[in-house]
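Subject: Structure handover

Hello,

Here is the structure, ready for you to open. Please keep it on screen while you read the notes below.

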Amino acid sequence: MSRRRCASLRTCVALAILLAGCGGRGARDWASVHEVTPAFLIARTAGDPAIAADRHGRIALTWVTRDSLGQDLWLALSADSGLTFAAPMRVNPRPGSVSSDAESRPLAVFGPGGELLVTWSERRGSDPRVADLVARASGDGGRTLGPTVVINDDAEDGKAVFHGFPTLAFLPGGGVFAAWMDHRETTRPGAGREPSASLFYALSGDGGQSWSDNRPLTDRACPCCRPAALGDANGLVAVAYRSAGGGRREPALAVSRDRGVSFALDTVLMTDGWRLTTCPADGPALAMDGAGGGHYASYTGTVEGGAWVAPWRADGGLAGMRRALSDSLSHAGHPRLARLGEATLIALEGRPRADSTRGVVAVRALDPDGTLTPWLFLGADAGDGWMATSDDRAALVCWTERGDEGGRVRVARVTRRRR
């Protein structure tokens, strides 16, 4: 069989897998789905994907590969909302130097003027548990990347610690806010203590080319749950994270009104009694509505189905009851949120109750009046999902499709139908 025929067959198989993961026709009436996985990823073993988008049709897709040297970070760009992608480029200059897993994966974020910033955990040596948080900045949408810059300011201390689980938010005027899990002050188990970690943050005034001193945000963070940060045009910065203390794993929110210089609010949103001796490795998600609030989503072991969503406001934390997202799904977690016009797009990883043998990335919209669309199921053995919205009606969703030969990254465009 020719290479072209093999590639075509692989593409058809991938598309069939994608469509097989969708719900019934009724579930799909609110949106259409088209696979836009780049051809160079169809048969490539890869994982830990993430995706970023802006309102000018620019898309940045990142993923991680592994070989005998270690892990590498790759970036592919699209200028037409994900319909086509340019050839991928390796982001880490030193081969095999990336430290990544699904919860602490690399990511990219676009600025308002087309700037792009890519961040990841970079191994200092051969141990992936000893890593610095680094970034490369671009002023031309990712076509060219600047030098690698270390964000954490303790790199020269020589202490063998890990910096990872990054989250980024562009601020007005080209500023950037970065927060991450930092183990320089980690409490290790023993003598009656439980493991914990700190969240640190730093600011950049030049799009990520240089960074401020590092500042502690909290010392009670769950040590393996990724935080989520967002900023708006008014300088509001919100950070969602999972707190840890006394065996509890609870959702928390920190809010700054001065572009991340200081945080006036840092609160546990609710005490639901979830206690866990191990780490859930399942961080919260955050969406902003541009009016000083938005939606917060998290996973808990105290409610059926696990995942929930609730509104939040910058001046007080939660602004309404949490709403369970367990319908039609079991073992649902790893929430992602994004604004889709006036609605909030929700993504979870779980298993359809009608077919618990299949793992899917499930997507739905929450409308301003509180209406939830049916779930849209993507993938056949899917996990490690991520998403970004490119305009008021369309989102790009990526995930890892697991198989006997390793993971494969898949990308789909979800477009909301006009009502």
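A residue counts as buried when its relative accessible area is under 20%. Keep that cut-off in mind for the serine below. Note also that this is a predicted model.

**Ser243**

Ser243 sits in strand β16, which covers residues 237-245. Is Ser243 buried or exposed? Its relative accessibility is 5%, so Ser243 counts as buried, the limit being under 20%. Which residues does Ser243 touch, once neighbours within four places in sequence are set aside? The contacts are Arg220, Ala221, Cys222, Arg248, Arg249, Glu250, Ala252 and Val268.

**A four-strand sheet**

One open sheet has four strands. Their order is β1-β30-β29-β28, and the pairing is antiparallel. The edges are β1 (31-35) and β28 (382-389), each of which pairs on one side only. On average, neighbouring strands of this sheet are turned by 25 degrees against each other, direction ignored.

Now take β29 (residues 394-401) and β30 (residues 408-416). These two strands are antiparallel and are joined over eight bridges. To find the register on screen, start at Ala394: this residue stands opposite Thr415 in β30.

**The largest pocket**

Rolling a probe the size of a water molecule over the atoms shows where empty space is left. The largest pocket holds about 1400 Å³ of space. It is lined by 45 residues, and those closest to its centre are Ala53, Val109, Ala229, Leu230 and Gly231. Which strands each supply at least two residues of this lining? They are β2 (47-53), β7 (107-110), β11 (163-170), β15 (228-231), β19 (285-288), β24 and β28. By type, the pocket lining divides into 30 nonpolar, seven polar and eight charged residues.

**The cavity**

How many cavities of 30 Å³ or more does the structure hold? There is one. The largest cavity has a volume of about 30 Å³. Its lining consists of His334, Arg336, Ala347, Leu348, Glu349, Val361, Gly385, Trp386 and Met387. These residues divide into five nonpolar, two polar and two charged.

Strands β24 (329-340), β25 (343-352) and β28 each give at least two residues to the cavity lining. Two of these names come up again: β24 and β28 each supply at least two residues to the lining of the largest pocket as well. And β28 is also an edge strand of the four-strand sheet.

Best wishes

Technical notes
Residues numbered from 1 in each chain as written. Predicted model: local features only at pLDDT ≥ 70, side-chain atom pairs only at ≥ 80, totals over all residues. Heavy atoms only, no water. Pairing = 2+ DSSP bridges. Axes fitted to C-alpha atoms, helices over the stretch in contact; angles between N-to-C directions. 1 Å grid on protein atoms, 1.4 Å probe; cavity = no way out; pocket = protein on both sides within 12 Å on 5 of 7 lines; lining within 4 Å. Points joined across faces, edges and corners; volume = space filled by probe spheres on them. Nonpolar A, V, L, I, M, F, W, Y, C, P; charged D, E, K, R; others polar. Buried < 20%, exposed > 50% of the residue type's maximum accessible area, 1.4 Å probe, protein only. Contact = heavy atoms within 4.5 Å.
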